[in-house]
Amino acid sequence: MMAKLTIPEEELMSPGHMGCLGCGATQAMRYVLKAAGKRTILSIPACCWAVMPGVWPNTCLQVPELYTPFETTGASISGIRAALDALGQEDINVIGFAGDGGTADIGIQALSGTADREDDVLYIMYDNEAYMNTGIQRSGSTPLGTWTTTTPVGVKGDWEKSPKKNVTAIMAAHGIPYIATATTGYPEDLIRKVKKALSIKGTKFIQIFSPCPTGWKMDPALTVSITKEALSTRAFNLFEIENGVYRITMKPKKTPLKEYLMKQGRFRHMPDDLIAKVEAGLDTAYENLLHLEEFTQKKAGSSQ
Amino acid sequence: MPGTMDEIPITPINTVNSTVVKTGGWRAFRPICDTEKCIKCWSCWKFCPDVSIAISENGPVYDYDHCKGCGICANVCPVKCIEMIPENK
């Protein structure tokens, strides 16, 4: 059968995993493994993916994986790389696969240490914008105005009060060779970025925007289409930073933020003035990104 | 499965492929593909989070033992040839 496929056909993730209906994080893992191939070692901390491979003795992953404590993903991938170096095995990809809480909040110091030591590893943050595995608690990556079980809205309007933490900017400040953002709605782009990251020596970081129908209170069938709306409303931006030079990989036409928010139960309580405030913040962040792209590309062009 | 203490590894190691777990029981809506209308673009295969769609000459073949019925395939299909039918019908 000669089917025309846009992504590799090899599957390194089996069905029968414990992910919810329409889980974006499982799509992220499927695409990352398609890009990285069989010679890969994964390190997974406490997150949805610590549960999803299945209950012992089952696993849905066809590559070796190490479960680590919540805050140690960065340190564990450094250790795996050091062990492989000691054994003289150079052709193995070492990938840390952590959620947004395990990256933006709990795992940030271990990740910072890895980037500081310039270890040859890839760190992937799959971003579903809250601690979904433990029951939808807010994380640093939760956007402004969101309902979660720890920001329960109620009568006092007790929603999430701070905007989404800019983890790519934190990683850019470490001066690592490759940083990218991707989303599960564009697997070709995601796979290209993972392959590119694995071809570069040094610490690499990729943030994957992966919808969570359970925690976002939306129809699981919308997992793919909601990522396209997230990009066009600037709720998430696709770009890569290669040796300090920014490049925005997708510049879709702007659509109103309200349409994106009202499809998700976690935003449905938001009053119009709050939506306007959030939209202004997202537009400013996108403009800053455009300026960064222009400035860094001009600088790179003049230094050559 | 290990029998004696000596056979038990120091840390638990998962060795059984998860395909033995039949997650199809979670399903409330069953996807049915009209293969006459299918244009073989394989968007459904590409986006399936449960790896439950196989590629064949006639169009997608569903693995109903594992499909959880999320409806992503029906949503991404450009010609809308996949229908979600309630399981109790």
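**Strand pairing, helix packing and chain contact in a predicted two-chain model**

Four bridges join strand E8 (239-242) of chain A to strand E9 (245-248) of chain A, and the two strands run antiparallel. The model in which this pairing is seen is a predicted one. Within the pairing, Ile241(A) has Tyr246(A) as its bridge partner in E9(A). The hairpin that E8(A) and E9(A) form has two residues between the strands, and in this hairpin Asn243(A) takes a positive phi near 50°. A positive phi is also found at Arg234(A), which follows helix H9(A) and has a value near 70°.

The hairpin belongs to a wider arrangement, for eight strands of chain A form an open sheet in the order E3-E1-E4-E5-E7-E6-E8-E9, with mixed pairing. The edges of this sheet are E3 and E9 of chain A, each of which pairs on one side only. From one strand to the next, the twist averages 20°. Strands of a sheet pair through backbone hydrogen bonds, either parallel or antiparallel. While E8(A) and E9(A) run antiparallel, strand E6 (residues 178-183) and strand E7 (residues 204-209) of chain A run parallel and are joined by six bridges. In that parallel pair, Ala180(A) is partnered by Ile206(A) in E7(A).

Helices of chain A lie across this sheet. Helix H1(A) lies across strand E1 (40-44), strand E4 (93-99), strand E5 (122-127) and E7 of chain A, and runs at about 170° to E4(A). Helix H11 (residues 272-303) of chain A lies across E8 and E9 of chain A, and its direction is at about 130° to that of E9(A).

Contact between helices is illustrated by helix H3 (residues 73-87) and helix H5 (residues 108-117) of chain A, which pack at an angle of about 40° with their axes 6 Å apart. H3(A) is therefore oblique to H5(A), because an angle counts as oblique when it falls outside the ranges for roughly parallel, roughly antiparallel and roughly perpendicular. On the side of H3(A), the residues that meet H5(A) are Thr73(A), Gly74(A), Ala75(A), Ile77(A) and Ser78(A), and on the side of H5(A) they are Ala110(A), Leu111(A), Gly113(A), Thr114(A) and Arg117(A). By class, the residues of this contact divide into four nonpolar, five polar and one charged.

Taken as a whole, chain A has eleven helices and nine strands. Its radius of gyration is 19 Å, close to the 19 Å that the globule rule gives for 304 residues, so chain A is as compact as a globular protein of that length. Along the principal axes, the C-alpha trace of chain A spans about 60 × 55 × 45 Å. Buried residues make up 51% of the 304 residues in chain A. In helix H9 (residues 223-232) of chain A, the buried residues are Thr223(A), Val224(A), Ile226(A), Thr227(A), Glu229(A) and Leu231(A). Of the contacts in chain A with a separation of 6 or more, 68% are accounted for by residues 24 or more positions apart.

Chain B has two helices and five strands, which follow the pattern β-β-α-β-β-α-β when read along the sequence. The radius of gyration of chain B is 18 Å, well over the 12 Å that the globule rule gives for 89 residues, so chain B is more spread out than a compact globule. Its C-alpha atoms fill a box of roughly 60 × 30 × 20 Å along the principal axes. Of the 89 residues of chain B, 34% count as buried, and residues 24 or more positions apart account for 67% of the contacts in chain B with a separation of 6 or more.

The contact of the two chains takes 31 residues from chain A and 31 residues from chain B. Helix H1 (24-36), E2 and H9 of chain A each supply at least two residues of the side of chain A that touches chain B. That side divides into 17 nonpolar, twelve polar and two charged residues. Strand pairing also crosses from one chain to the other, as two bridges join E2(A) to strand E1 (residues 16-17) of chain B, with the strands running parallel. Here Thr59(A) stands opposite Asn17(B).

In the loop between strand E2 (58-59) and strand E3 (65-67) of chain A lies Gln62(A). Gln62(A) is partly exposed, because 15 other C-beta atoms lie within 10 Å. Leaving aside residues up to four places away in sequence, Gln62(A) touches Leu12(A) and Ser14(A).

Key. Residues are numbered from 1 along each chain as its sequence is written. Chains are lettered from A and ligands numbered from 1 in the order in which they are written. This is a predicted model: local features need pLDDT of at least 70, side-chain atom pairs count only at pLDDT 80 or more; totals for chains, interfaces and linings use all residues. A residue is buried if 20 or more other C-beta atoms lie within 10 Å of its own, exposed if 12 or fewer, and partly exposed in between; C-beta atoms are placed from the backbone. Two residues are in contact if their C-beta atoms, placed from the backbone, lie within 7 Å. The radius of gyration is taken over C-alpha atoms; the globule rule is 2.2 Å times the number of residues to the power 0.38. Ala, Val, Leu, Ile, Met, Phe, Trp, Tyr, Cys and Pro count as nonpolar, Asp, Glu, Lys and Arg as charged, and the others, Gly among them, as polar. Two strands pair if DSSP finds at least two bridges between them. Axes are lines fitted to C-alpha atoms, for helices over the stretch in contact, and angles run from 0 to 180 degrees between N-to-C directions. Angles under 35 degrees count as roughly parallel, over 145 as roughly antiparallel, 65 to 115 as roughly perpendicular and the rest as oblique.
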